[in-house]
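The following report concerns the structure shown below. It treats strand pairing, a ligand shell and an annotated domain in turn.

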Amino acid sequence: MAVEKLDSVTGTATTGHEWDGIRELNTPLPRWWLWLFYMCIVWGIGYVIAYPAWPMVSSYTKGVLGYASRDQIEVDLAALRNQRSGLVSQIEATPLADIEKNPQLLTATLQIGKQAFGTNCSPCHGTGGAGSVGFPNLNDDQWLWGGTLDQIQQTITHGIRNESPDSRQGNMLAFGKDGTLSKTDIPIVAAYVVSLSGRKPEGAHDLAKGKQIFAENCAVCHGDDGKGNPELGAPNLTSGLYLYGGDQKTIEETITNGRGGVMPVWTGRLDPTTIKILTVYVHSLGGGK
Amino acid sequence: MSTAESAEPKAVSPASVDDAPLYEARKDIFPQAVRGRFRTIKWTILIVTLGIYYFLPFVRWDRGVHAPDQAVLIDLPGRRFYFFFIELWPQELYYVTGLLVLAALALFLTNAVAGRMWCGYLCPQTVWTDLFYAVERLVEGDRREQMRKAASGEWNLERVAEKILKHSLWLMIAWWTGGAWVLYFADAPTLVYDLLTFNGPFVAYVWIGILTVTTYSLAGFMREQVCLYMCPWPRIQAALTDEHALNVTYRYDRGEPRMSAKKADAARARAEPAGDCVDCFQCVNVCPTGVDIRDGSQLGCIQCGLCIDACDNVMAKIGRPSGLIGYDTDENVKRRIAREEPVVRIIRPRTVLYAGLIVGVGALMTATLATRTTLGVSALHDRNPVFVKLADGGVRNAYTVRLTNKALEARPFRLEVLGLPDATLDVVGEPHRAEQSAVLEVESDQTRELRVLVTNPRALDNPSTPVRFRLTDITTGVTAQTGDFFKGPGSN
Ligand code: SF4
Ligand code: SF4
């Protein structure tokens, strides 16, 4: 049926479609829009041929160009390594003590170090190196094995109390378990250790006796004044900073059962330059001597 | 059947729904050359704007040895934008936002005052299309000649030569357009040399290619189609205009009824109504978008004013006053018909508002730009650990502090922490440690990131104490500050 084709108000032709007396005006599209539409279809076909497109049962069509976003990442990573290689070899060539003196090198070292620390060290020491019970805080100024650059590098390289012959050795002995100290002596010496940090021990203890027990058993490693000895990994007992806790009960437990946390050896897992970078990074955290 | 359908059709209609065209073929447009006031204005604007665009990259501006000497340069690898005496860092991109806000407001203001001034005179699409039309007329002849050649369909040697010449000229302009574009992103003279010796960066050739193609196709082929079907501004403009905005208007109170000059003379002699429009179609012939201004204000009219020139020339010839087409409002046409005085109201609430906003935003931007310091400091507190207890009972907080030196020379700064009278400052890597302040040198036009440790000799009662880092330019005494907190275990 031929419907009226002109709208009386605008004088524009209508499409002939009508809904409840409302008719659709026909404002024709420019023809080149249609061409664009066809061009898009052609482009789409070309894209499907050239690039990965269709999911298959267990794979997908790869496209003749062989593009894969995973390869792109490889390219980007290679570019990053390449970009860094200059700095890394510069770090490699610079003596450990001089890296911090070169601002540009220091910035690069800290940035790379942060990533290496996050990947390798943070599972035990925490992302910021804050540590937790049994895992030392690397930000404070109390070091079990010393906080100079060389000492830190030595610790990372060989680890602590592990199977490597070069690793740091030295245990807190189990004075209670092996019977060196009696059940009654342990609380007394523990109370004396509490008092070393300037705190008042709970309950009444014979601190003079405690001091004597300490001098006979503990001072060998921790020193007469309890200030510790980094050669043996014996902590300073006067600072109020504790690896396992400083209350009477925990100290008694430490004396009874001993302690011996392990740090793995990192040579072999990390290249020497990365260890160097990590050394500077840990040194920069705040406690470095 | 609705009642509307029985209404009288206004024009001839297609025979049936089936032949109603869904797609419209492009109308050929051969705008005729014209002389006059608006043509002169447009030529002037064309020469000035294109001149700026093509030659600005070669203008030099001395900034000393530490910065490029190109007056306008977008240094993407170096992350700087240089504009004469202004140098912007990426974090100051809000100035560009400010400029865009100003541009939008200026567009609104001009629209409220005199319609599509942007479209008619300034839009790159208009300017380049105008240039391409001029080249076309130069090579192939004016409107009449072009139409004759197109209608004859003949292809002789001369016509082929004309086409080749025209397209070569177009391509050269388009190529230069793309070429000038890339010069804003690198040292222009060096880049020109590199490009000519085929040593330029690949991406520069790509961009020149892209802009050559877009310029050539948009100005050579798409032309008015861009304005009619692609550009959003005509739609926005139509929504923003009001009855007082001046627009290119055919004054039909004067023009109608249209008739030939002879008939009009006769009618006037008989004291009958006679319009000034002689229906010569000159206004349509010169129109770059091919519209008839006598149909009223319409989307297709970019308000370039060329029909005003064309019509004024005709009026001069037939001895009638000029201005049959001119900047006017529909309201005024109606007022004149009703024998009322026409009114022109430039100062209206909306123009005052737009102008006020422009002045306000402009003043704000100028003020912030003028009071901008060339040094800066920012601090980021370590998140883990938030604080560290030290063996001697002290407390330490670590911060990542960034010093900014926007001056084009290396400068020594003093960094202090305020709010903790006893605290000392350590900068990792600096030889002097545990002092009240640190002196640090920052390279010209650079930032420097530092790891700063602040140590207080004892724990504070307050678990969080506000502190400030102050950076002082040692030579000038100018300072910058930033706030942060010093955390601790608290009194408990
Ligand atoms: S309609 Fe759009 S493209 Fe055309 S002249 Fe105006 S702003 Fe430019
Ligand atoms: S009608 Fe007149 S003002 Fe409008 S675009 Fe055409 S020539 Fe320009």
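Which residue in S13(B) stands opposite B:Leu425? In this predicted model, B:Leu425 faces B:Val454 of S13(B). B:Val454 is also the bridge partner, in S13(B), of B:Asn397.

**Strand pairing in chain B**

The strands paired with S13(B) are set out here.

| Strand of chain B | Residues | Sense of pairing with S13(B) | Bridges |
|---|---|---|---|
| S9 | 395-405 | antiparallel | 11 bridges |
| S11 | 424-427 | antiparallel | 4 bridges |

Strand S13 of chain B comprises residues 446-456, and 8 of its 11 residues are buried, so the strand is largely enclosed by the rest of the structure.

**Shell around ligand 1**

Ligand 1 is surrounded by residues of chain B, namely B:Arg116, B:Trp118, B:Cys119, B:Cys123, B:Gln125, B:Thr126, B:Val226, B:Cys227, B:Cys231, B:Trp233 and B:Pro234. By class, the shell consists of 8 nonpolar, 2 polar and 1 charged residues. At least two shell residues come from each of four helices of chain B: H3 (117-122), H4 (124-140), H9 (224-230) and H10 (233-240).

**Annotated domain in chain A**

An unreviewed UniProt entry assigns the annotation "domain: Cytochrome c" to residues 108-197 and 205-286 of chain A. In residues 108-197 of chain A, helix accounts for 43% and strand for 0%, and the end C-alpha atoms are 40 Å apart. For residues 205-286 of chain A, the corresponding values are 46% helix and 0% strand, with the end C-alpha atoms 38 Å apart.

Definitions and conventions: Residues numbered from 1 in each chain as written. Chains lettered and ligands numbered in written order. Predicted model: local features only at pLDDT ≥ 70, side-chain atom pairs only at ≥ 80, totals over all residues. Heavy atoms only, no water. Near = heavy atom within 4 Å. Nonpolar A, V, L, I, M, F, W, Y, C, P; charged D, E, K, R; others polar. UniProt positions renumbered as here; feature names shortened; annotations may be inferred. Buried < 20%, exposed > 50% of the residue type's maximum accessible area, 1.4 Å probe, protein only. Pairing = 2+ DSSP bridges.
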